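Good morning, colleagues. Please take a moment to look at the sequence and the model on the screen before I begin.

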Amino acid sequence: MSEPKPQKRGEVRIKPLLNGSEQEFIASRRNIVFQTLKKLQIQCSQDEVPNIALLGSGGGQRAMVGLLGSLVELDKAGLLDCILYLSGVSGSTWCMASLYQEPDWSTKLDTVKNKIIERLSGPGVSLTDKLEKLKKYYYGKTFFSLTDVWAVLFVTPYVKEIDEQTITEQRKHHKKDPFPIYTVIDKQCKQSKTGDPWFEINPYEAGYSLTGAFVDTCHFGSQFHEGSKKNDEGELDMLYLQALCGSALADEKDIMKSIWERIKGIFQERETVFEAMREGRPAGGHEEMNVVEESFEPAGIASHHDPTSLPVDKSYQVLMDLVDMNICALNGKDTSGLDQSIRANLNDLSKGKTEKFSIKKMETLDKRPKKQDMNSYTINVCNNLSDRINFWPFDAWASICKCMAQWIWGRKYNFLHNMTDGAVPPALLQNETRDYEDAGLLNNSPYFSVLRKDRDIDLIISLDFSQGDPFTTVERAANTCRELKIPFPEVKVSDEDKNKPKDFYVFRGKNAPTVIHIPLFNVVNCGDKLNQWRDDYRTFQASYSAEMITNLMEVAGKNITNNKNKLLEEIRMVVGRNQTFYDQPQ
């Protein structure tokens, strides 16, 4: 590989070549792979060492625990140090984030595994800490979105921590581990079916995998003009990165309901506190919320708002009614009573002022507003309320409601905005902002992060933790590669295998990487209880118990232990293919 020209910090790099730091990392890691192959009695020269990528699909906590169990058994089998790249989507990135907290985790995986399991089996993050983190996100960013809310209210119950490290802080601590790649997609590209939707984030760069347009990861989200950084936004932390990667745990309607219900739960906690404060009694059982009340204002700003005052109380009731109204609308129930309550309270808040709340009443025969009407109504109510009361936490709650109505996820400044480069699809240059979301919405496995030409992957090991058809990911990858003319083997799967998947599939093709595909639940490790395992480990459910974690680790690990010899054989075959290539006259 030729060395790419060094770039200045804060500049966009538009070249398909690997970043120089990644090249150095890979050269060192390939030496570890070379030594490991010798231990496995697989003889080859250093040039013939195969580039092997391990892919972890999405699947929420099922993917998180399943990937951990698989890695543990790869380590026991002596195969973990054959892996050059570790790339994940959604829940698999939660496992990766936990692993890469520990320097050189692959050299002490048993200890790291126990530490992770202990955390996942322990108590969750307190409500005080969640709201304090939400406040940091709200006041610390230009673009506050549902990804921030998802990080605090949905990811933390699964990962049981608030990880405020950044991925660039890991650059010097993983010289003995596989190179990590976290993946998301560009929402606008997905919707318009133009440009390059495949976006990756690694310790050195963030950018569009196939286009080859990148920026230093610490500047991802900062404002750029014509390829140079204009304003710094600060680097995203690992909790936010896990939310950015892992937000598509269910269909949109279920996610909407869950977020509204979670917001309502927090409102109800505060209602109990307010009621106690109004009555002059301690908020028994809610000491945590009393602590939260003391930190509602941004740092350095004194509070001038009595949380028990009439304007605050009515504003709070408007937000409660608005949340309930959205939940009713999603459930197809009558919203007219809530609409009347919202209008009455907003008009009471307007007393003494000339203006009154005047949103056109939604005219629906069955009192069940359409989605677009409800969204418009929500935005108007929040804008009206924001004009009257603007302090924490009401300003954040109003913003969350507006984000829900507009369905804004992962909004960032577009580092390619206003650039002129023929190598970049025009669709990526136009908007000042881009929205990024869970890659599982397009393909639930991160194939395109490792199919970059200069990564030169010889063997892909695909661990599929998806809910439903376990072959959708590899079939979609094959179809997309065919459209984009990217070398990839042909994928044909019988109906019988789809209904009763086995634990090991191999797809080969000429001048293409070999793909090993391993479905998590299959007839080998689950026997005749395949459907029961699937039912017990759904994607969108409460966090797993210690027993469920142990059982899932074991069943995922069987896919490796049962196929150790097959994995070794495929590695030998790609080594042999490389030897044939290097033996040919160049």
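How many bridges join strand 4 to strand 11, and in which sense do the two strands run? Strand 4, residues 179-186, is joined to strand 11 by 3 bridges, and the two run antiparallel. I should say at once that this is a predicted model, and I shall return to strand 11 after a few words on the chain as a whole.

The average pLDDT of the chain is 87, and 87% of the residues score at least 70. Two stretches call for caution. The pLDDT falls below 50 over residues 1-6, a stretch that has 14 contacts in the model beyond near neighbours in sequence. It is also below 50 over residues 362-366, where the corresponding number of contacts is 7.

The chain contains 20 helices and 14 strands. It has 586 residues, of which 59% count as buried. If we take the contacts between residues at least 6 apart in sequence, 73% of them join residues at least 24 apart.

Let me now return to strand 11. This strand covers residues 433-438, and 6 of its 6 residues are buried, so the rest of the structure largely encloses it. In its pairing with strand 4, V184 stands opposite D438 of strand 11. Strand 11 has another pairing, with strand 10, residues 411-413: here too there are 3 bridges, and the strands run antiparallel. Within that pairing, K412 has R434 of strand 11 as its bridge partner.

I turn next to strand 12, residues 459-464. Is this strand mostly covered or mostly open? Mostly covered: 6 of its 6 residues are buried. L459, I461 and L463 point one way from the strand, while I460, S462 and D464 point the other way, and all of them are buried. The polar serine and the aspartate on that list are worth finding on the screen.

Which strands pair with strand 12? One of them is strand 2, residues 52-56, which pairs with strand 12 in the parallel sense over 5 bridges. There, I52 has L459 of strand 12 as its bridge partner. Another is strand 14, residues 514-519, joined to strand 12 by 6 bridges and running parallel to it. In that case the bridge partner of I461 is I516 of strand 14.

Let us move to the helices, beginning with helix 3, residues 91-99. Of the 9 residues in helix 3, 9 are buried, so this helix is largely enclosed by the rest of the structure. The buried residues include W94, C95 and M96, together with S92, T93 and S98.

My next example is a pair of helices. At what angle do helix 5 and helix 14 pack? Helix 5, residues 127-140, packs against helix 14, residues 394-406, at an angle of about 75°, and the axes are 11 Å apart. An angle in the range from 65 to 115 degrees counts as roughly perpendicular, so helix 5 is roughly perpendicular to helix 14. Helix 5 contributes L134, Y138 and Y139 to the contact, and helix 14 contributes D395, A396, S399 and I400. By character, the residues of this contact divide into 5 nonpolar, 1 polar and 1 charged. As a general point, an α-helix has 3.6 residues a turn, so residues three or four places apart point the same way.

A single residue of helix 19, residues 546-561, deserves a word: M553. M553 is buried, with a relative accessible area of 11%. Its C-alpha lies 6.2 Å from that of V65, although the two residues are 488 apart in sequence. Setting aside neighbours within four places in sequence, M553 is in contact with V65, L68, G69, V72, K113 and I117.

Finally, I would draw attention to two loop residues. W407, found in the loop between helix 14 and strand 10, has a positive phi of about 55° although it is not a glycine. N511 also has a positive phi of about 55° and is not a glycine; its place is in the loop between strand 13 and strand 14. Which of these is buried and which is exposed? W407 is buried, with a relative accessible area of 14%, whereas N511 is exposed, with a relative accessible area of 68%.

Thank you for your attention.

Methods
Residues numbered from 1 in each chain as written. Predicted model: local features only at pLDDT ≥ 70, side-chain atom pairs only at ≥ 80, totals over all residues. Heavy atoms only, no water. pLDDT = per-residue confidence, 0-100. Contact = heavy atoms within 4.5 Å. Buried < 20%, exposed > 50% of the residue type's maximum accessible area, 1.4 Å probe, protein only. Helix = DSSP H or I, 4+ residues; strand = E, 2+ residues; numbered from the N terminus. Pairing = 2+ DSSP bridges. Axes fitted to C-alpha atoms, helices over the stretch in contact; angles between N-to-C directions. Parallel < 35°, antiparallel > 145°, perpendicular 65-115°, else oblique. Nonpolar A, V, L, I, M, F, W, Y, C, P; charged D, E, K, R; others polar.
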